[in-house]
Structure formats: C-alpha cells, structure tokens
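Biologist: Could you take me through one part of this model, slowly and with the terms spelled out? I would like to start from a single loop residue and then see what surrounds the picture.

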Amino acid sequence: MDAQRALLDELMGAARNLTEEERKGYKEITWDDKEVCAFYMVRFCPHDLFVNTRSDLGPCPRIHDQKLKESFEQSPRHDKYVPRFEAELSQFCEKLVTDLDRRVRRGRERLAQEVEPTPPPPLSAEKSEQLSVVEEKIKNLLEQVETLGEAGKVDEAEALMRKVELLNIEKTALTQQPQTDKVLMLAQEKKMALCEICGSFLVANDAAERTQSHVTGKQHIGYGMVRDFIAQYKEAREKAREEERLAKEKEAEERKKQREKESERRRRSDSGDRDRDRDRYHDRDRDRERDRHRERDRSRDWNARGSRDGGRGVDWRLRNGREGGRDRYRDRSRSRSPIRHGH
C-alpha cells in the first residue's frame, strides 16, 4: 500500500487529493525545510535504532522521506550541507553515549562491590552444649579408629570413620548460619557481566546462543552504530584539521620562499648596480689617467720642440703670448684715446 502511495505521489504529486481551497495554503516540503529530519538525510536517525527496547527514544518528531533523501543526495548543495548535518548528528549521538556511559559506570561499580561477610552471631547455650558433645564423640571415635588400624582391623576402622563423617556433618550444621537475602542477591550479581557497548547486564559464561542473541539485538547494534559514527566523525574532523594545518604550513613555506627569492633578486639587482657604478668609476679613472698621460706626452712634445727652436720651449711661447697681448692692448688704447685724436 505504501509503495502504491509513493508511486502516486511521484506521478501526481503529494497534493493530488487536496481540494482547491486546500491547495491554496499547501506548501510542498523540500529536504532543506526545518520539518525534515537532517539526521535521516545525512546518515541515520537515532530514533529508528531503539524501537521497542529499553532505550527507545520514541518516534522522531520530524519527517523521514526516502524521496527527500534522494533529492538531497542529488542536490548541488549536498556537499555544503553534509558537514552541518553531520555536526548536528554527532552532537546528538554524543549526548546519548554520555548518558549510556554514565549507566555503564554505575553498573560497573555495582558489580565491583565486594560482598563483605557479616560476622556470625554467637551460638546459643543449647547449641554450644550439643557442639561440645559432638566434638567429644568425634575425638573418641578417631582414637578408636587409630587403635583398630594398628591392630589390623580395617573393616571395623572404616565403619567408625563413616560415623565420624556423619558427626562432622552434624557439627557443620550446628555452626553454619543462614545467609540473608541481600547477601544471596549480591552473590548472584557477582555472576553477571556488563556489556560495554550498550550497558546491558549479561550472565557470565552464558550459552553461546544467548550471547549471540544479545549481540544481534537492536539495542546492541544501535549503540554500536552510534559509537562507530562518533569515532568516524572525530577521525574525519581530525584528518581535516591536519590537512588544513599542513596546507597552511605549505602556504607559509611558499610565501617564505617567495620572499627569499624576492630578496635575492633585489640583492642581485643592488649588486649589479654597484658593479655598474664601480665599472663607471673605473672607466672614469681610466679616462682621467689616459688624459694625464696624453697631457704628459704633449708636454714632452712641446718641450722637445722648444729645445729644437732654441731652447725657448713652452715658457717662451707663453711669455711671447703675454707680451703680444700687452702690445695689442696698448695699440688699442692709443687708437681710442680722445687726446691723441684731437677730440
């Protein structure tokens, strides 16, 4: 019947049986609505694990729909919402396990209690007198058994030993105190074992069939799924944190290498500039040195020519140049004088 209804919902829509008035206020449910169970969408809903068990959580207040789950799995927003839904499920499951571990701890403490034997109450006067008589009879019979054994009368000695055994039973009955109901109950609990997965009490060394029945039960499987999911979720989160840490370290290392490359490039650029400046200075020094050599060579040439011209050399030329300049200055001044020209 449910399969036929689901088929009709798929073909005609979930609002196929609504009237026109009802259709006006009808809103189609999608997987991201608050009314839809996010736990069911992403993994499992804990409310479905413990039905009809001592840990039954009752029906889930939100919608469980396989079509909505398939729509969620095919949605382009699936990967974005999975971490959020898993975090909510993990938080819910951790609360369940915390409560369960508290019950397990109490059960473990209960089983660890030692049964302290209460001191036996003193015997009454009548039982004390009976006990003395029985002990005296046992003593006398043991002496007779020893005598008969030395005489080789084995059969008679064995008969007396049987009487001694009966007297010992009677002696034990006189000295033994009846156990209380509480002591018997605690002694019985000492034979119990506790399941660390689901917190159930089990009979120690029970039959394999009963143990297998417990392991395959809803409560054991349900809490096993819850614990496995929490472990997987924590492992995945730790792995993601480690990958993020490594990625940050790698990025920092790359930035460091980039800075080192930039620093090396700048250092080489500065070194190249210094080398070019040094070469420029060296070229300038070489030019100056070359100019000085040229001047020195010119001076030698002029001196050599001066020697050939009568030893006057450069000083003669310079002196003649200064004197010629003074003569020209006199001529120019004389020609410009107003007195000499009659003005």
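Biologist: Where is Asn 52 found?

Modeller: Happy to! Asn 52 sits in the loop between α3 (38-42) and α4 (66-74); helices (H or I, at least four residues) and strands (E, at least two) are DSSP runs numbered from the N terminus. This is a predicted model, in which local features need pLDDT of at least 70 and side-chain atom pairs pLDDT 80 or more, while totals for chains, interfaces and linings use all residues. Residues are numbered from 1 along each chain as its sequence is written, and side-chain values use heavy atoms, without hydrogens or water.

The backbone of Asn 52 deserves a look: its phi is near 60 degrees, a positive value in a residue other than glycine. Asn 52 counts as exposed because its relative accessibility is 69% (exposed is over 50%, buried under 20%, partly exposed in between, with a 1.4 Å probe and protein chains only). Compare Ala 38, which lies in α3: at a relative accessible area of 8%, Ala 38 is buried. Ala 38 and Ile 63 are 25 residues apart in sequence, and their C-alpha atoms are 9.1 Å apart in space.

Stepping back, the protein has 11 helices and 2 strands, in the order α-α-α-α-α-α-α-α-β-β-α-α-α. Of its 343 residues, 20% count as buried.

Further along, α7 (residues 154-175) shows both environments in one helix. Ala 157, Leu 160, Val 164, Leu 167 and Leu 174 of α7 are buried. They cover an arc of only 80 degrees around the axis, so they share the same side of α7 (the arc is taken from the directions from the helix axis to the C-beta atoms). Asp 155, Leu 166, Ile 169 and Ala 173 are exposed on the other side of α7.

Helix α7 also packs with α6 (residues 125-151), at an angle of about 160 degrees and with the axes 9 Å apart. The two helices are therefore roughly antiparallel to each other, a label for angles over 145 degrees. The contact of α6 with α7 has 13 nonpolar, 5 polar and 7 charged residues (Asp, Glu, Lys and Arg are charged; Ala, Val, Leu, Ile, Met, Phe, Trp, Tyr, Cys and Pro nonpolar; the others polar).

Key
Axes fitted to C-alpha atoms, helices over the stretch in contact; angles between N-to-C directions. Parallel < 35°, antiparallel > 145°, perpendicular 65-115°, else oblique.
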